[in-house]
Each structure stands twice: as structure tokens, then as C-alpha cells.
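Subject: Structure for your review

Dear colleague,

Please find below the structure that I am handing over to you. My findings follow it, and I should be grateful if you would read them against the coordinates.

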Amino acid sequence: MMNYSLKKGLIGLLILFCVKLTGQDRPNIIFLLTDDQTAIATGCYGNDQVVTPNMDQLAKEGVRFANYYNTTSICMASRAIIMTGMYEYKTGCNFMHGPLKTEKFQKSYPVLLKEAGYFTGFAGKFGFAVSDGQSWDDKNWDVLPIDAFDKWGGGLGQTNYKTEKNKYIAQYADKYPHSSRAYGAWAHDFIKDAKVSGKPFCMSISFKAPHLPFTPDVYFDAVYKGKTYQKPDNYGVEDGEHLSPQAKSGRQYKEYDFWRESEESYQKAIRGYNQLIHGVDYALGMIRKSLDELGVADNTIIIFTSDNGYSCGAHSLAGKVLPYEEASKSPLIIYDPRAPKEQKGVVRERVAGNIDMAPTILSYAGEAIPDNMDGENLIPLMKKKNGIKRKTITLLNMWGNDEIQEMAIVSKEWKYIYWQYADERMKPTEELFNVGKDRLEMKNVINNPEYAAQLKKMRKRYDADLKLLKKEVIDEHDYKKYCILFDRSANAADKKPYLTGTYDEMKEARKKAK
């Protein structure tokens, strides 16, 4: 007869084996993404004019990243980057370029986690197509991978703030007419279904908020009623005079007049923007309450960030796309309930980016990071302030009028921008900002001899990253041209064959199209 202690030990090993087999020892992962939320539009990033108690609490219990950048600061490209962990010149996905190829999506974090035994779900604005279409104009560009997830609550295009207008979450419209709270309700049902499945889960929700049109949930009208907001210290035309002519050539400078046409229009815009963010904050609170109620909070990691920043009138700019702080920078908070006390409420200064999301999520799940991914696993950085070796990250804009397409390098202290476009109005322009001390980017020190050594260092880093781009850029979707356009040694004649339209030319084309 088997010894009782031996029998008990074998049973224990069998149970452990079964737990590992079903994946129940692996953490659940929640990835929450807002749309157009700049980092400074979050209380825990130093803004006392926004009301974000749940985001602030998440930062108190987790790790806040002070220098998180979207390597491409526009929704379609950024979302493809987040899912795949690759720079845009490898995803091949953006407006004016094309969809994400099916084979690339097969190495995205949701697909890889589902293959690894996770119960997966997506809700909200997916934001990019997954198809083998060859161009942005291909009629298949907005195909969504609904079947790639166990549970789907996503939508086409920009989606809608009215819950009833979103097919896959319309059932929540009566109780939650605004989509932000409806996604919080969808999350509860997803977590409940995931728990029944017996699998660890990965839930991704991409809120429409606070993207235009600024249509906040009236449920929160009282939160900001009667408040007057201060403008940023770098607000207005005079605080943009020192910026490159290229930066002031696109719609980010020439349009979105509601940010500057009057005090009343500014206050209305910023109130709507902030109230939309508060709606997401409330939904975050709903999700955390659901985790507690369903008994899975202690093993569920929460990652909160945004797909790009938003300028909100800084330097008289609006929108995103540009490499300046407000437009390219977003909040990033990662909360791991299993982390020791010394890793809670800490801030990390080293640069991180949207290329890091997929590698980090896969690492939390215990999965290997595919070789094609460009990002870093941020878990070591959460544990130690210098936990990753990378000190710089590349910022790119490959969308829009020719003038604003650029490449930049940023560290926690410095940002170097190369504006490649030239014509009779402007020549290629370099900018160097000491963002460690000049966070508002009010002094371009490119011609200051005191920083000559730093400029040389940043140019060298830029050239090295461009060399990598030239090596790894995809052949399709019109990305090869950036090997020339972003080359500091190329002249106007070299670049001319690759230009597609100035701001004025593109604006005229839009008029004719209407």
C-alpha cells in the first residue's frame, strides 16, 4: 500500500500539473487604451484641473512611467504598433499607406495569447484593418479580425459615443447611453465569462474618449460645472514662433480653430476633453469593482495608456502627429497586484513607448517575445529604475502633408527632431530640446555651442536608427521612400520623386473631392 505522505505528495504534484496545464497560475491581463489623451491630462501627471481619481489610485498602487511616447502619434498606426510591438515602418499600417497584413496580425499579442490558452476579448475602437489589401484605397482596408477573439465588443472606424450606435455593445444602451460607461459594463460580463472558462484572460478595451467630437457623458456634467481652466504655459501663437516652419504647415497649426478663436471656445473644448477623460476614469473604477466582486483582482494586471497625445493649444497647435511633448506623450500606468510594496507608487523616468506594450504583455503571460518585435519588456524597468538598457526611442511621422513628415530621437533628457522637407519657403530644419529641463519645449538649443557635444551624440543616434530603418523597412505600402526622405545627407532633388503633396495641395484636393 502506498505511503500516505507519498500519496499526498503525488496528488499535490498532480494538482500543480493540472493548474499549469490550464494556465490558472498565469495572471489575467487588462489593457486599457484611451484615444488622444496627452500625459498631462491626468491628475497623477501633475494636473490639478482634471478629475481622475481611479487613474491616480492606479498610479499609487502601481508604476507610473514619466516618459512614455507613442512612436507614431496617430491612432491607426499606433494601435497596430501596440498590438504587434513593431515600428510603423515594419507594420506597414497607417492612413495613406495601408492595412496590417494578416501574417503580421498573427504575431500580435492577442493572437499569441489566445494560442497560449488565454481567454481573449476586445471592445471599443479597433482602429485599423487586418487584410491583405495593397493600399489605403483598397476597399478591404476596414476588415476587422472579430473571430480572432473569444469575445468581441469592438467596432468599425471611429465608433460612436452613443452606445446604441455601436452594434456589439448596443445591448447596454438603455442603462449606459454613453459608450465609456457601456465598456465598463461590457468588461464585467467579459470577466464573468472568462472566469467560467477556467482560463486566464486578456481583455483589451479601446475607448473612443477623449477623441473629437468632444461629446462627454452628461452623467458627469456636475463634475466640471462652473470650472474655468488655465491654459498651458506654452499656449498661443507667440509660444510657437520658435518652432520649425514645417511644424506650422499642417492642419495641426492651421485648423482646429476652436482652441484659439475665443476664450469661450477654448473653455468649452477643454471642458469637453477633460469630462470625456473623467468618463473613462469612471469606467476604470467600474472594472476594478468588477474584479473585486468576481474574486480575480489579486491576479489581474492592469495596463492603462493612450494611442497618442493631444496638443490642446500648446504652441498654438492642436491634434497629434507631431513629435512635441503634448502630441507624442501619453500616460502609462502598470499595476501588478502581486508586486512587492517597494514597487508600488513608484515613477520611472527612462523612456518607454507603444512598441513596448506587446512584449510586456507577452512577458507577463510567460510567453516568449517574437524576434520581429522592436519593443522592450518593461517588467525589469518596473523593478529597477534602470531595468532596461535602452536610453532613447525613435519618433516618426509618416502621414499627412509632406512638410510635417519627420523623424526624431528622444531620451529622458533630450529630443532631437529632423524636419526633412525643403522648398522655396523652408529648408530642412533641426531642433534640439533639453526636455529634462525644458518640458514645454520653449528653447531650441540647436545653435547653442554649449550643447554641441550633445547635438553630435543625438545626430549619431539618429543616423544609427535610420540605418536600422533602411535595413528593416517593408517593401510595400510606400514606406521605402523614407530611406531617402529621412536621410540627413539627401538633398531636395533626391527627395522630390517621393513627395506626395504639400498642405495647400492636399487641402485643394479635399475641396475638389467634396
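How many bridges join β4 to β5, and in which sense do the two strands run? There are 5 bridges between them, and β4 and β5 run parallel. Please bear in mind throughout that this is a predicted model.

The sheet

The pair just mentioned belongs to an open sheet of 8 strands, whose order is β5-β4-β6-β1-β7-β8-β2-β9 and whose pairing is mixed. At the edges stand β5 (151–155) and β9 (346–348), each of which pairs on one side only. From one strand to the next, the twist averages 15°.

On the side of β6, strand β4 (residues 119–125) pairs with residues 201–206 through 6 bridges, again in the parallel sense. The register can be followed residue by residue. Phe-119 has Phe-201 of β6 as its bridge partner, and Thr-120 stands opposite Cys-202 in β6. Towards β5, Ala-123 stands opposite Gly-153.

Strand β4 is mostly covered, with 7 of its 7 residues buried. Helix α3 (residues 75–84) packs on the sheet and touches β4, together with β1 (28–34) and β6. The direction of α3 makes about 165° with that of β1.

The nonpolar cores

As background, nonpolar side chains in soluble globular proteins tend to be buried together. In this model, the largest nonpolar core holds 94 residues, and the members that touch the most others are Phe-65, Phe-126, Leu-469 and Phe-486. Helix α3 gives the most to this core, contributing 7 residues.

Which residues does Leu-469 contact, once its neighbours within four places in sequence are left aside? They are Tyr-89, Leu-396, Met-398, Met-407, Tyr-482, Cys-483 and Phe-486. Phe-486 thus appears both in this list and among the core members with the most contacts to other members.

A second core, separate from the one above, comprises 57 residues. It includes Phe-119, the β4 residue paired with Phe-201, as well as Met-55, Met-286 and Cys-312.

Backbone geometry

Most residues other than glycine have a negative phi, and most peptide bonds are trans. Several places in the model therefore deserve your attention against that background.

Two cis peptide bonds lie in the loop between β6 and α8 (221–224). One runs from Ala-209 to Pro-210, with omega near 0°. The other joins Leu-212 and Pro-213, where omega is about -5°.

Positive phi values occur at two residues that are not glycine. At Cys-312, in the loop between β7 (300–306) and α11 (325–328), phi is near 55°. At Asp-478, in the loop between α14 (452–472) and α15 (482–485), phi is about 65°.

Are these two residues buried or exposed? Cys-312 is buried, because its relative accessible area of 8% falls under the 20% limit. Asp-478, at 41%, is partly exposed, because that value lies between the limits of 20% and 50%. The burial of Cys-312 accords with its place in the second core.

I should be glad to have your comments on these points.

With kind regards

Methods
Residues numbered from 1 in each chain as written. Predicted model: local features only at pLDDT ≥ 70, side-chain atom pairs only at ≥ 80, totals over all residues. Heavy atoms only, no water. Pairing = 2+ DSSP bridges. Helix = DSSP H or I, 4+ residues; strand = E, 2+ residues; numbered from the N terminus. Axes fitted to C-alpha atoms, helices over the stretch in contact; angles between N-to-C directions. Contact = heavy atoms within 4.5 Å. Buried < 20%, exposed > 50% of the residue type's maximum accessible area, 1.4 Å probe, protein only. Core = buried A, V, L, I, M, F, W, Y, C linked by side-chain atoms within 4.5 Å.
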